[in-house]
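I opened a fresh notebook page for this one and went through it helix by helix and ring by ring. Here is what I looked up, in the order I looked.

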Amino acid sequence: MIEDKLLIYRFKQNREVALRSIYDKYKVELLKLAVMLTRDINIAEDIVHDVFVRFAQSAERIRLTGSLKSYLVTSVINNVRNLHRNKTRHPESSIEGADSFSSAERNPHQWAIMSERLELLSNALNELPFEQREVVSLRMEMDLSFRQIAAMQNISVNTVKGRYRYAIAKLKSLLDGEVEK
């Protein structure tokens, strides 16, 4: 938190190094979140890029009262929600066909197993309603508490817990017997 406040201070002083440090610190987490929510690596990269471009342009106006991470996560979520809203208004601009991350440090056999499991999980996540997928992504990938998620989504903690519980139950039923334990 103190490191983030120092980075914001330097960023407001128009130091490109601080912006680069902020980007390096949060880009991977934000990209993982965006991929989980959009199911498309290319769209996710565009969203994260747009978030940082807008962030860079807002140096004078930015007034953070919470954490920098929460601010950036909220920005990514808002962009994904806007995309989702536009997708429902304009069905021809669909975001189907997800790419997935893979690790170059694994041997080919391990990579094949992990890729198959990731595809099963990705397909199961795609079956969830957007609101449930968003809660699961924020909880699992961003390690946010239910209270933090509720504040971000402007809903009650009980609603967040319900969405999470329903999502996990549906994932279990979808993956039952599909993935070895």
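**Entry 1: helix 6 against helix 8.** I began with helix 6 (residues 130–140), whose axis comes within 8 Å of that of helix 8 and crosses it at roughly 95°. Since 65 to 115 degrees counts as roughly perpendicular, helix 6 is roughly perpendicular to helix 8. A reminder to myself: this is a predicted model.

I then listed who touches whom. From helix 6, the residues in contact are Glu131, Gln132, Val135, Val136, Arg139 and Met140. On the helix 8 side they meet Val160, Arg163, Tyr164, Tyr166 and Ala167.

**Entry 2: helix 7 against helix 8.** Next I asked at what angle helix 7 and helix 8 pack. The answer is about 110°, with the axes 8 Å apart; helix 8 spans residues 157–175. Helix 7 is therefore roughly perpendicular to helix 8 as well.

For the contacts, I noted Phe146, Arg147, Ile149, Ala150 and Gln153 on helix 7. Their partners in helix 8 are Val157, Val160, Lys161, Arg163 and Tyr164. I was pleased to find Val160, Arg163 and Tyr164 here, having just written them down for helix 6.

**Entry 3: the two sides of helix 7.** Which residues of helix 7 (residues 146–153) are buried? I found Phe146, Ile149, Ala150, Met152 and Gln153. They span an arc of only 165° around the axis, so they sit on the same side of helix 7. That fits the usual geometry: with 3.6 residues a turn in an α-helix, residues three or four places apart point the same way.

Turning the helix around, I saw the exposed residues Arg147 and Ala151 on the face away from the buried side. Just past helix 7 comes Asn154, with a positive phi near 60°.

**Entry 4: arginines over rings.** I checked for charges sitting over aromatic faces. Arg139 lies over the face of Phe146, 4.4 Å from the ring centre. Arg139 is one of the helix 6 residues that meet helix 8, and Phe146 is among the buried residues of helix 7. I also noted Arg165 over the face of Tyr166, at 5.6 Å from the ring centre.

**Entry 5: aromatic pairs.** How many aromatic pairs does the structure hold? There are 3, and I wrote up two of them. The rings of Tyr23 and Phe52 have centres 4.9 Å apart and planes at 75°, and because anything over 60 counts as edge-to-face, that is how this pair is classed. The pair links distant parts of the chain, with Tyr23 in helix 2 (residues 16–38) and Phe52 in helix 3 (residues 41–57), 29 residues apart. Tyr23 is partly exposed at 29% relative accessibility, whereas Phe52 is buried at 6%.

The other pair is Phe55 with Tyr71, which is tilted, at 6.0 Å centre to centre and 55° between the planes. Phe55 lies in helix 3 and Tyr71 in helix 4 (residues 68–89), so this pair ties together parts 16 residues apart in sequence. Phe55 is buried, at 1% relative accessibility, while Tyr71 is partly exposed, at 29%.

**Entry 6: the whole chain.** I finished by stepping back. The chain has 8 helices and 0 strands. Of its 181 residues, 34% count as buried. Among contacts with a separation of 6 or more, 64% come from residues 24 or more positions apart.

Key
Residues numbered from 1 in each chain as written. Predicted model: local features only at pLDDT ≥ 70, side-chain atom pairs only at ≥ 80, totals over all residues. Heavy atoms only, no water. Phe/Tyr/Trp six-rings, centres within 6.5 Å; stacked < 30°, edge-to-face > 60°. Helix = DSSP H or I, 4+ residues; strand = E, 2+ residues; numbered from the N terminus. Buried < 20%, exposed > 50% of the residue type's maximum accessible area, 1.4 Å probe, protein only. Lys NZ or Arg CZ within 6 Å of the ring centre and 35° of its normal. Arc of directions from axis to C-beta. Axes fitted to C-alpha atoms, helices over the stretch in contact; angles between N-to-C directions. Parallel < 35°, antiparallel > 145°, perpendicular 65-115°, else oblique. Contact = heavy atoms within 4.5 Å.
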